[in-house]
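Please find below a short note on the structure under review. The points concern one disulfide link and one sheet.

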Amino acid sequence: QVQLVESGGGLVQAGGSLRLSCAASGRTFSNYAMGWFRQAPGKEREFVAHITRSSSSTYYVGSVKGRFTISRDNAKNTVYLQMNSLKPEDTAVYYCAATRQNLLATLESEYDYWGQGTQVTVSS
């Protein structure tokens, strides 16, 4: 089992920045690739970003590319999502997730463990 706890969400004005953190415990963190998803009100949960076990590769959904950066610190068992130039449409609950597969994973079904989510609200 892997337990994931997100933090760092909050209210920010458009154009601002936030850094989300996701702390993992349980199994060996470096054995899992990590992803961030988000779910806006009334919408389905969508993929945001992915990072491989050793940080050798990252991938982003087009709407956040160039604004968001996913990173991880395996020594601290933590994955981060740096979000810059935030827009009102980024408002959502953000979830981190862990997957045993190291290949790119963008589907919810490819992930094995999920955090409880953290709210990000961007005001215009």
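1. A residue counts as buried when its relative accessible area is under 20%. The model discussed here is predicted. C22 has a relative accessible area of 0% and is therefore buried. C96 is likewise buried, its relative accessible area being 0%.

2. These two cysteines are joined by a disulfide, with an S to S distance of 1.9 Å. The cut-off for such a pair is 2.5 Å between the sulfur atoms, and by this rule the count comes to one disulfide. The link of C22 and C96 is right-handed, with 50 degrees about the S-S bond.

3. What does the disulfide tie together? C22 belongs to strand β3 (residues 18-26) and C96 to strand β9 (residues 92-99), so the bond connects parts that are 74 residues apart in sequence.

4. Strand β3 is also a member of an open sheet of four strands, ordered β1-β3-β8-β7, in which the pairing is antiparallel. The edges are occupied by β1 (2-7) and β7 (68-73); each has a single partner strand, so one side of each lacks a neighbour in the sheet. From one strand to the next, the twist averages 15 degrees.

5. At the β7 edge, the partner is β8 (residues 78-83), which runs antiparallel to β7 and is joined to it by six bridges. Within this pairing, S71 stands opposite Y80 in β8. In general, strands of a sheet pair through backbone hydrogen bonds.

How values were computed
Residues numbered from 1 in each chain as written. Predicted model: local features only at pLDDT ≥ 70, side-chain atom pairs only at ≥ 80, totals over all residues. Heavy atoms only, no water. Pairing = 2+ DSSP bridges. Helix = DSSP H or I, 4+ residues; strand = E, 2+ residues; numbered from the N terminus. Axes fitted to C-alpha atoms, helices over the stretch in contact; angles between N-to-C directions. Buried < 20%, exposed > 50% of the residue type's maximum accessible area, 1.4 Å probe, protein only.
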